[in-house]
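I am opening a notebook page on this protein and will write down what I look up, one topic at a time. The entries follow the order in which I turned to each part.

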Amino acid sequence: LVLAFVWIGFATFVDNDLWILGTRKFGTPRMNCILVAWGYETQQRLMWTKVLVLWIVYVFSFLFWMAYGVFQMRSFQEVDFQNKTMKDFVLMIVGMPTLPGTTRVEEDLKEALERQCGQQLVGVSVGWDWKAYESEVRAAVKDDMDVQEALFKSSRNLLPPDTTEPVLSGVHKFFYKLEQKVLMLNIEDQETASGNESTERGIPETVATRSNKKSIDDILDELTTSPGAFAVFETQEARDAALERLAGTGFSYEGTDGIQLEECDAEPDTVQWVNFGQSTVTEKAIRIAIGFGAILLACAFWAIVFYAPYAYYVLTFNYSNGRQPGPIVGLSFSMIVVVGNQIMYEVCARISDAVGFRFKDNREACYMILYTIACCFNVALDFVTTYFTSAAVMEGLGFRTYFGQHLSEIESFTTKFETYGMQRALAENTYR
């Protein structure tokens with residue numbers, strides 16, 4: 001918006017040609033020669049305005065974003081200072097030993113920490129290494145939630161939800177079935193569950209049969225602790241006192257000395273428990289490196305599958321007698337850029353998930369950095385492709401320089417890039 005007002009000011013008070021510079025359409029060879037002569041002379045005469053506008057844009061944007069960043073940080077600090085949240089009562093335990101799931105880790109760790117820090121704890125939450133059993137654990141949690149929900153409804157004499165298939169006919173029934181298949185909704189299982197409820201406790205029989213208690217017990221016994229855990233204190237003052245008392249020396253547990261306490265800036269709902277056993281610095285660095293390779297492969301896929309056909313069409317188009325590709329080609333270019341952005345959204349999101357960050361905040365920061373880098377790759381590819389396609393169009397239309405030299409005869413990149421015809425075409429593609 002600021003750039004628009006600056007440019008309006010220059011066009012209004014400096015020279016009205018700034019309103020139309022770069023917007024006049026191509027035409028016959030004679031009209032193109034007149035356009036190049038006028039454009040080159042006007043461009044050179046008003047070059048100082050473009051340079052000054054660029055300086056204003058870069059300086060203003062830099063200062064504005066620095067000020068906005070400071071404002072955001074101060075706003076967050078003010079809100080955090082004025083409000084007590086769960087993270088104000090928590091310290092993160094770093095350097096835990098690896099212990100099996102058969103031990104009473106959380107109870108024993110709570111007692112050991114209380115004894116050595118001299119403060120009362122609400123409890124301790126240990127991060128377990130359960131990445132290899134993620135699907136089994138999540139299924140067991142879902143089954144338990146289903147059982148608890150059924151018990152809750154049974155205790156209050158609530159009717160179960162009506163899961164019977166609606167009576168449909170014709171095209172409605174076809175699209176209803178299609179919707180179930182596309183969304184993978186298993187209506188038959190729901191009907192079976194509702195039809196086989198236990199008359200005693202109101203628990204769906206399918207849930208009871210899916211819950212294999214022995215199997216999940218075996219899995220839990222095989223789990224081991226990760227190096228991280230959380231200690232929850234009764235007050236913020238108690239947390240600060242424990243941190244000050246054990247600063248530097250740490251505490252001991254199960255024969256391991258020097259276990260450290262650290263402040264945690266993340267709220268509980270941002271913790272990704274499944275990554276606690278898979279998030280060493282080396283592991284994350286390797287996954288990020290692999291992620292960069294995936295980004296390059298995605299860029300290559302985008303360039304070959306989507307960009308190459310467009311570039312081939314533009315480069316092989318017949319530009320004789322002033323013919324140009326229709327508006328559908330410009331729209332296609334815009335859609336290609338949109339597809340490329342969507343591909344990068346998905347690739348960067350999946351890479352950020354696969355790195356194994358313990359907190360969602362770190363995951364989102366990684367996503368933003370990866371997406372920015374991916375955008376740089378995309379923009380670089382856009383620039384290269386746009387340059388060569390614009391050069392092909394200008395040469396096909398027979399454009400010449402201000403001094404009468406044909407564009408196809410120019411070998412220097414800088415000289416060809418600075419010609420008015422190329423500047424005009426590149427600006428138009430950039431605007432699109």
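**Entry 1: strands.** I began with strand S1 (residues 90-94) and strand S5 (residues 256-263), which run antiparallel and are joined by 4 bridges. I am working with a predicted model, and I keep that in mind for every entry. Looking along this pairing, I noted that Leu-91 stands opposite Glu-263 in S5. I then turned to strand S4 (residues 251-253), which pairs with S5 in the antiparallel sense over 2 bridges. Here I found that Phe-251 has Ile-259, in S5, as its bridge partner. Between S4 and S5, I looked at the hairpin, where 2 residues separate the strands and Glu-254 takes a positive phi near 50°.

**Entry 2: the whole protein.** I stepped back to see what these strands belong to, and I recorded 15 helices and 5 strands in the protein. Of the 432 residues, 33% are buried. I also looked up the accessible surface, which comes to about 26,900 Å², with 62% of that belonging to carbon and sulfur atoms. For contacts between residues at least 6 apart in sequence, I noted that 74% join residues at least 24 apart.

**Entry 3: aromatic pairs.** How many aromatic pairs does a search of the whole structure find? I wrote down 22. I picked out Tyr-40 and Phe-403, whose ring centres are 6.0 Å apart and whose planes stand at 70°, so I entered the pair as edge-to-face; the cut-off I needed for that step is a plane angle over 60 degrees. Since Tyr-40 lies in helix H2 (residues 29-45) and Phe-403 in the loop between helix H13 (360-396) and helix H14 (413-417), the pair ties together parts that are 363 residues apart in sequence. I also checked how accessible each partner is: Tyr-40 counts as partly exposed because its relative accessibility is 23%, whereas Phe-403, at 69%, counts as exposed.

Next I looked at Phe-64 and Trp-65, which form an edge-to-face pair with 5.1 Å from centre to centre and 75° between the planes. Phe-64 is partly exposed, at 39% relative accessibility, while Trp-65 is exposed, with a relative accessible area of 54%. Which residues do ring pairs link into a cluster? I listed Phe-60, Phe-64, Trp-65, Tyr-68 and Phe-71.

**Entry 4: a charge over a ring.** I then searched for a charged group placed over an aromatic ring, and I found the charged end of Arg-358 over the ring of Phe-276, at 5.0 Å from the ring centre.

**Entry 5: Trp-7.** My last lookup was Trp-7, which lies in helix H1 (residues 2-13). Is Trp-7 buried or partly exposed? I entered Trp-7 as partly exposed, because its relative accessibility is 28% and the buried class needs a value under 20%. Leaving out residues up to four places away in sequence, I noted that Trp-7 touches Leu-18 and Val-53. With Leu-18 there is a further detail, since a polar atom of the Trp-7 side chain lies 3.5 Å from the backbone oxygen of Leu-18. I also compared the positions of Trp-7 and Trp-19, which are 12 residues apart in sequence and 8.9 Å apart in space, taken from C-alpha to C-alpha.

Key: Residues are numbered from 1 along each chain as its sequence is written. This is a predicted model: local features need pLDDT of at least 70, side-chain atom pairs count only at pLDDT 80 or more; totals for chains, interfaces and linings use all residues. Side-chain values use heavy atoms; hydrogens and water are left out. Rings of Phe, Tyr and Trp (its six-membered ring) pair if their centres lie within 6.5 Å; planes under 30 degrees apart count as stacked, over 60 as edge-to-face and the rest as tilted. Buried means under 20% relative accessible area, exposed over 50%, partly exposed in between (1.4 Å probe, protein chains only). A charge sits over a ring if NZ of Lys or CZ of Arg is within 6 Å of the ring centre and within 35 degrees of the ring normal. Two strands pair if DSSP finds at least two bridges between them. Contact means heavy atoms within 4.5 Å. A polar contact is a pair of N or O atoms within 3.5 Å; within protein, one must be able to donate a hydrogen and the other to accept it, and residues adjacent in sequence count only if both atoms are side-chain atoms. Accessible areas come from the Shrake-Rupley method with a 1.4 Å probe; for residues, only the protein chains shown count as cover.
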